[in-house]
Amino acid sequence: MAQLIKLKDYISRYQQNILLYPSRYVRLKKQKWEGVKKAFDTQDMKIFYEDNESLDDITEEKESLFLKIRGMMNKKPKEEELLLFPAAVKEEDKEEQIFSFDYKANALNEPQSEEQLKLQFLNQLFRFQLKWASSTLTEKSTVKKAFYYDEHLKYFLQRFPDTYLVLYKPVFLLKNAPIDLEVMMVTPTAVWCITILEEEDSAVYLGSNEKFWVKKYNDKEKKTLSPLIALNRTEKIVRGILDRHDVALPIQKAILTRNGYIDYPTIPYDLKIIEKRNYDEWFRMMRTQQSPIKAIQLKAAESLLQHCLTTSVRRYDWDAPEEEES
């Protein structure tokens, strides 16, 4: 599952320490998955609530958890903690306690297969990633509710390797002006700038170098703004930032439509068209890359994050559960 390092203009913990969080994410994910997988394999279904368990039992457990958290938060810190906080070690301890991924299997139906278990796990991990991409120990951003149901966001996070770092519709701040850019995926071998072009199933897009393309669907034709406009802007900005920071990582520029077709007779040499006829081949290629996270990849991600706009507020009640907002 790829890592969401930036979402819109929300604050991200990856901005604080790009060297720390990718490895921490992988570790937390592995630990939690091994735990729920072992429980499933051994039929130790205590992680799921039985059908005959009473609401009082559930309420009692929730209250017990609340009391533990409140007690932890009211606990007077030791003198050395006061001296160090928010030093990295103490911040990591607090973050592990408050923000570590807690698989709430009891909130879901008992899985009947490993595939069901994996899907439930990935969906909860998705929500966990939104938290990491919108809050830190001391600050938070307001997440639009739509992102919790954004199928494109889920696709980029749930279908690609852990070593891929995703910036989803980031807002960059250049010359004091905010600029909305396309999806970026920083892999160990390249930075992918991707425009998604998915509307009606099996729609056909006639590509050109003009400002508008033509979309054909059900014997109807309609003009649509060329996706190259936003894609070229994104690629130009990414290239400029990487050059400025001396990051020699290739940039790939792609238009993605999994459910449609693109006919583009004069396709530019630096553009990749990924559509129904070649999607499976591209997807397999992206999924089978076995390279670990590389230093040049982290440097590229850090360079891009430095130019992102961030809108956040101070956290005053940072132990309270966060609810998505509209």
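**Exercise 1. Find the charged residue that lies over the face of Tyr155, and then place Tyr155 among its aromatic neighbours.**

Solution. Begin at the ring of Tyr155 in this predicted model: Arg258 lies over its face, at 4.1 Å from the ring centre. A charge counts as sitting over a ring if, for Arg, CZ is within 6 Å of the ring centre and within 35 degrees of the ring normal. Next, follow the ring pairs outward, and Tyr155 turns out to belong to a cluster that also links Phe156, Phe160, Tyr164, Trp192, Tyr279, Trp282 and Phe283. To close, set this cluster against the whole structure, which holds 18 aromatic pairs.

**Exercise 2. Classify the ring pair of Tyr10 and Phe147, and decide whether the two residues are buried or exposed.**

Solution. A pair of aromatic rings is described by the distance of the centres and the angle of the planes. For Tyr10 and Phe147 the centres are 6.0 Å apart and the planes stand at 90°; since an angle over 60 degrees counts as edge-to-face, that is the class of this pair. The next step is to locate the partners along the chain: Tyr10 is in the loop between strand S1 (3-7) and helix H1 (13-16), whereas Phe147 is in the loop between strand S2 (139-140) and helix H7 (151-158). The pair therefore links distant parts of the chain, 137 residues apart. As for accessibility, both Tyr10 and Phe147 are buried.

**Exercise 3. Explain why the pair of Tyr14 and Tyr21 is called tilted.**

Solution. The ring centres of Tyr14 and Tyr21 are 6.0 Å apart and their planes stand at 55°, so the pair is tilted. The angle falls in the class left over once planes under 30 degrees apart are called stacked and those over 60 edge-to-face. Tyr14 is buried, with a relative accessible area of 2%, and Tyr21 likewise counts as buried at 2% relative accessibility.

**Exercise 4. Work out where strand S1 stands in its sheet, and how it is enclosed.**

Solution. First read the order of the open sheet, which has six strands arranged as S1-S3-S6-S7-S11-S13 with mixed pairing. S1 and strand S13 (271-274) stand at the edges with a single partner strand each, so one side of each has no neighbour in the sheet. The twist averages 25° from one strand to the next. Then look at the partner of S1: strand S3 (residues 165-168) runs parallel to S1 and is joined to it by four bridges, with Leu165 in S3 as the bridge partner of Gln3. Although S1 is an edge strand, five of its five residues are buried, so S1 is largely enclosed by the rest of the structure. Elsewhere in the sheet, strand S7 (residues 191-196) and strand S11 (residues 251-256) run parallel and share six bridges, and Thr195 has Ile255 in S11 as its bridge partner. Finally, helix H7 lies across S1, S3, strand S6 (183-186), S7 and S11, running at about 165° to S3.

**Exercise 5. Describe how strands S4 and S5 pair, and what is found in the turn between them.**

Solution. Strand S4 (residues 171-174) and strand S5 (residues 177-180) pair in the antiparallel sense over four bridges, and Leu173 stands opposite Pro178 in S5. Two residues separate the strands of this hairpin, and Lys175 in the turn has a positive phi of about 55°.

Terms used
Residues numbered from 1 in each chain as written. Predicted model: local features only at pLDDT ≥ 70, side-chain atom pairs only at ≥ 80, totals over all residues. Heavy atoms only, no water. Phe/Tyr/Trp six-rings, centres within 6.5 Å; stacked < 30°, edge-to-face > 60°. Buried < 20%, exposed > 50% of the residue type's maximum accessible area, 1.4 Å probe, protein only. Pairing = 2+ DSSP bridges. Axes fitted to C-alpha atoms, helices over the stretch in contact; angles between N-to-C directions. Contact = heavy atoms within 4.5 Å.
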